[in-house]
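User: I would like a close look at a single part of this model, the surroundings of the ligand, followed by whatever else helps to place it.

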Amino acid sequence: MWPLILFLLIIVSGCEHEELNSSNSQPIQRLSQESLPGKAEYERACATCHDGSLKKAPHRDMIALMTPGSIFSAMTKGVMQTQASNLSDKERQQIAEYLSGGSLGQTVKKIPACQESKGYREGSQIVGSNWGVDLNNTRYISSDIAGLDSTSLGDLAIRWAIAMPGSTRVRSQPAFGGGLVFVGSHSGSVYALDPDTGCAVWEFAASGEVRTSISVSEENKQPMIYFGDVLANVYGVKSDTGELVWKIKADDHPNATITGSPTFYGGNLYIPISSLEVSNAIDPYYECCTFRGSVLAVDGLTGKEVWKTYTIVEKAGVTGKNKIGVDVIGPSGAVVWNSPSIDKNNNQLFVGTGENMSSPATGTSDALIAMDLNTGEINWVFQATENDAWNVSCGLGAEENCPVENGPDFDFGGATIVLDTSAHGPLVIAGQKSGFVHAVKSITGELVWQTRVGRGGIQGGIHFGIAARDETIFVPISDMEDGKSYPDPDRPGMNAVDANTGKIIWSTLHDNRCGGREFCHPGISQVVTVIGDMVLGGAMDGIIRAYAIDNGKILWELDTTKNEYSSITGAMAFGGSFGGAAGPIASDGLLLISSGYGLYNHMPGNLLLALEAREISD
Ligand code: HEC
């Protein structure tokens, strides 16, 4: 058996990929935990509900994304107190360590509570109130608002650094509002930080890791923030105190997750819903698959459902048998792991979808979808890649559950941008893991142009998204190896593309500066941000670079893996690969960057770094 397990471990590490797909290694990772003492207790006290059989109970592979500390507190003071009531603390600890693969013993240095802070002040500048910076998802911050442009780069100084407690990845994009910084974390804590010193004005404990950004709203009497966690819970919390107003489970499926950021607009929160069921299929006896992607709209004041629209309309059922005679269920998949963009003028929202997880493939996978804001009704679908059904069993040599389509696994991971162009009017533009950028008419979904910018791959191509200023699109390319061979060479780096024609204006490819370091790669997975006259992109080699928007020249760079940073928590903070949807964000002369992507073969890190600019020179 061991040679097979080792073989699987090696292969899976070669093809890990985000979002749903990269998390696929959980069942494999599990194998290394099977000898831990918590296994027997887990099977006795927890397995009946957490092996995927019970709606609403997160699958153990989802719980594996939690830190040992948050699993432990679910049993001691959270929702699992009753279920764990006849276990000793030692047994609870063993279960937490068994499920997470981590160790509970380490003392975590917390972010210190503020002794002095002005607290939440309504009417202060809000930046990143939604993940996309504006509703169009352009991720453009003017130099006035950022208090920062290319002339500030020479003398950026560290204002503070935080080693995010108990974290090996930093994936929640911070938001500025009410004079505070809001950010989620790997440990499940959500913080309101004072931008001057980084101290915590308040801390809120979510159930699981928070990878979304924090939406900030001052529309109502009570200012609120909103976010989701990896267990598919969504929260509405008071901005000034951190007090919970409402919490909902956005989807009943045991493998449901929220990693794309919800978008708040007009009183409603629009929530993209994804899942990691794609990884369960690695078990040949698993009846693959039953999850389907959706967007859920809820009332921001109460969390009550306004509408929910699934990305797959066909009825689900048994569609055949897998190679060892186990039922195949479908269609499934077309998950949504990007943040909706909104076209106010035409009352629509847009998302991109992932592949199908079982046969048959549908017309809505790897697609851009427009929905009516009021009803959720689907207005149009633009499918970029047809017949893409894939799950983690494919390519592993144990392919009982691999659909006949067998990939290519080309999700839309990055979000859509709505851009008004002089040549074509409003376009919806998005990058795909295939390496292509597509532009379609926002009213009809009709294709206007398609450009191949990267070679493509299971981790992109374009992974977590693009940005835009005026009529130029900025396209980061990952092109990380994924164990497959492609006809074209890889192009890790940054590009600018003309939004009217799709022509590439410039490309700045990265040298490989990894020097053989494990989990290091020159490509860009993390979403990028335009600040004034530059675009900022953090790469998987741990280096963040600023490129001039008109010619792509690298104006500045910072290698976050070179030094440790002394954290206000008293620990040392260290950077790793930049990854996920936590792109750079800036307000009022303060630039925040998030470095560390300890997951699926990227360099871990725990660094939230605040860099301050001197005044911009005219
Ligand atoms: C009778 C079924 C059942 C049993 C037994 C059970 N759970 Fe749960 N568990 C659930 C359900 C349902 C939820 C979702 C609860 C919710 O969202 O309110 C859940 C949620 C959780 C969560 C997420 C916590 C959170 O804050 O959302 C963890 C962690 C967890 N369970 C661990 C365990 C462990 C460890 C055991 C064994 C000691 C266990 N569970 C036993 C049904 C069960």
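How do the residues of the shell around the ligand divide into nonpolar, polar and charged?

Analyst: The model is predicted, so local features are reported only at pLDDT of at least 70 and side-chain atom pairs only at pLDDT 80 or more, while totals for chains, interfaces and linings use all residues. Residues are numbered from 1 along each chain as its sequence is written, and side-chain values use heavy atoms, with hydrogens and water left out.

The shell around the ligand divides into 15 nonpolar, 3 polar and 1 charged residues, where Ala, Val, Leu, Ile, Met, Phe, Trp, Tyr, Cys and Pro count as nonpolar, Asp, Glu, Lys and Arg as charged, and the others, Gly among them, as polar. A residue belongs to the surroundings if one of its heavy atoms lies within 4 Å of the ligand, and of the 19 residues found there, Cys-46, Cys-49, His-50, Met-80 and Ser-207 come nearest. For polar contacts, the cut-off is a pair of N or O atoms within 3.5 Å; within protein, one must be able to donate a hydrogen and the other to accept it, and residues adjacent in sequence count only if both atoms are side-chain atoms. A ligand nitrogen lies 2.7 Å from an N or O atom in the side chain of His-50, and a ligand oxygen lies 2.8 Å from an N or O atom in the side chain of Ser-207. Helix H4 (47–50) and helix H6 (68–76) are the elements that give two or more residues to this shell; helices (H or I, at least four residues) and strands (E, at least two) are DSSP runs, numbered from the N terminus.

Beyond the ligand, strand S19 (residues 348–352) is mostly covered, with 5 of its 5 residues buried, that is, under 20% relative accessible area, whereas exposed means over 50% and partly exposed in between (1.4 Å probe, protein chains only). Gln-348, Phe-350 and Gly-352 point one way from S19, and Leu-349 and Val-351 the other way.

Strands pair if DSSP finds at least two bridges between them. Strand S18 (residues 341–343) runs antiparallel to S19 and is joined to it by 3 bridges, Leu-349 being the bridge partner of Ile-342. These two strands form a hairpin with 4 residues between them, and Asn-347 in the turn has a positive phi of about 55°. Strand S20 (residues 367–372) is also antiparallel to S19, with 5 bridges joining them, and here Val-351 has Ile-369 as its bridge partner.
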